[in-house]
Amino acid sequence: MHSFWAVFKRELKSYFTTPIAYVFLVIFLFFSGYLTFKQGFFEMRQADMRAFFMNLPLLFVFMVPSAAMRLWAEERRVGSIELLFTLPITVTQAVLGKFFAAWLFLAMALALTFPMPITVCYLGNPDIGLIITGYVGSLLMAGGFLAIGCFFSVVSKNQVISFVLSVAACAVLVFAGRPTTLNYLSTFFPAGLVSAIENMSFQTHFESIQKGVLKFKDISYFVLLIVGWIAASTIILDERKTS
């Protein structure tokens, strides 16, 4: 556990010792606000955060991979990964330490959007339960995107390649649940396969959570997704360490 915390604190600190964290936070907060109010927030004449949460999946497609691309690609590029694994630490501890540090950083980014719910509460009487479950779903979705980004950071030395692959994978999992995509696929595939593709999408489960009910199938989807991609990252790193 001591080794896990050492990696966790080292990784979290690395975000704020460089301009990376501040640039990320400024860009994220700008676009989260811009996209929300651009979608006719005031024209809706209803005090809620649907417009904010509706745009998060698309925003996360680009923002989360940008935070994840350096997790392992940078370690491999500068050669510090060999030094890391000479320390008394397991591969699993190292992967989890880095992952949870990045996830906490993303949680901080979400927390900094607090003016949004304050504004909504000032303008009307929103359902606080919907806002809370929306943020819970957003955090779970961020973890899912991050786990995918972590995997591609492991398999690539180049941060740009890691970013591009992560964006592509995340985009597929988001757009697979869009109505336009499903309607298009239904012209080629049977209904059962289209339904399976829909159930594999971030969009489907995130929208379900946004309705204010935390269903087991939605939470388990994100948990299994995170565990699966993190396990894959651990296996690849473990093979490279022993080879």
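What follows is a chat between a biologist and a modeller about this predicted model.

Biologist: Let's start with the basics: how many helices and how many strands does the protein have?
Modeller: Keep in mind that we're looking at a predicted model. Read from the N terminus, the elements go α-α-α-α-α-α-α-α-α-α-α-α-α. The count for the protein is 13 helices and 0 strands.

Biologist: And what is the radius of gyration of the protein, set against a compact globule?
Modeller: The C-alpha atoms fill a box of roughly 60 × 45 × 30 Å along the principal axes. A compact globule with 243 residues would come out near 18 Å, and the protein agrees with that, at 19 Å.

Biologist: What share of the residues count as buried?
Modeller: A residue goes in that group when its relative accessible area is under 20%. Of the 243 residues in the protein, the share is 48%.

Biologist: Of the contacts between residues at least 6 apart in sequence, what percentage join residues at least 24 apart?
Modeller: Phe16 and Phe105 give a feel for such a separation, sitting 89 residues apart in sequence. They are also in contact with each other. For the protein, the percentage is 79%.

Biologist: On to helix packing: are H3 and H12 roughly parallel or roughly antiparallel?
Modeller: Helix H3 covers residues 50-68 and helix H12 covers residues 202-210, and their axes cross at roughly 160 degrees, coming within 10 Å. Angles over 145 degrees count as roughly antiparallel. So H3 and H12 are roughly antiparallel.

Biologist: Which residues of H12 make that contact with H3?
Modeller: The crossing of the two helices is right-handed. H3 brings Arg50, Phe53, Met54 and Pro57 to the contact, and from H12 come Gln203, Phe206 and Gln210.

Biologist: How many charged residues are in the contact of H3 with H12?
Modeller: Arg50 of H3 is one of the residues making the contact, and Arg belongs to the charged class. Next to 4 nonpolar and 2 polar residues, the charged count is 1.

Biologist: What about H6 and H8, are they roughly antiparallel or oblique?
Modeller: Helix H6, residues 91-111, packs on H8 at about 140 degrees with the axes 10 Å apart. Roughly antiparallel would need an angle over 145 degrees. H6 and H8 are therefore oblique.

Biologist: How many nonpolar residues does the contact of H6 with H8 have?
Modeller: The H6 side includes Phe99, Trp103 and Leu110, while the H8 side includes Tyr135, Leu139 and Leu146. The contact has 2 polar and no charged residues, and its nonpolar count is 12.

Biologist: H8 also packs on H9, right? How far apart are their axes?
Modeller: H8 runs over residues 128-155 and H9 over residues 159-175. Their crossing is right-handed. The packing angle is about 145 degrees, and the distance between the axes is 9 Å.

Biologist: Which residues of H8 meet H9?
Modeller: By class, this contact has 8 nonpolar, 4 polar and no charged residues. On the H9 side are Ser162, Leu165, Ser166, Ala169, Cys170, Leu173 and Val174, and they meet Phe145, Ile148, Gly149, Phe152 and Ser153 of H8.

Biologist: Now some single residues: is Met116 buried or exposed?
Modeller: Met116 is found in helix H7, residues 115-123. Beyond its neighbours within four places in sequence, Met116 contacts Ser32, Gly33, Thr36, Phe37, Met49 and Phe52. Its relative accessibility is 9%, and the cut-off is under 20%, so Met116 counts as buried.

Biologist: And Val172, buried or exposed?
Modeller: Val172 is found in H9. With 56% relative accessibility, Val172 counts as exposed.

Biologist: How far is the C-alpha of Lys13 from that of Ala101?
Modeller: Lys13 lies in helix H1 and is exposed, with a relative accessible area of 57%. Lys13 and Ala101 are 88 residues apart along the chain, and their C-alpha atoms are separated by 8.8 Å.

Biologist: Last one: which residues does Phe16 contact outside its neighbours within four places in sequence?
Modeller: Phe16 lies in H1, residues 2-16, and is partly exposed at 31% relative accessible area. From C-alpha to C-alpha, Phe16 and Phe105 are 9.8 Å apart. The contacts of Phe16 are Ala21, Tyr22, Phe105 and Met108.

Methods:
Residues are numbered from 1 along each chain as its sequence is written. This is a predicted model: local features need pLDDT of at least 70, side-chain atom pairs count only at pLDDT 80 or more; totals for chains, interfaces and linings use all residues. Side-chain values use heavy atoms; hydrogens and water are left out. Axes are lines fitted to C-alpha atoms, for helices over the stretch in contact, and angles run from 0 to 180 degrees between N-to-C directions. Helices (H or I, at least four residues) and strands (E, at least two) are DSSP runs, numbered from the N terminus. A crossing is left-handed if the near helix is turned anticlockwise from the far one by less than a right angle, and right-handed if clockwise. Contact means heavy atoms within 4.5 Å. Angles under 35 degrees count as roughly parallel, over 145 as roughly antiparallel, 65 to 115 as roughly perpendicular and the rest as oblique. Buried means under 20% relative accessible area, exposed over 50%, partly exposed in between (1.4 Å probe, protein chains only). The radius of gyration is taken over C-alpha atoms; the globule rule is 2.2 Å times the number of residues to the power 0.38.
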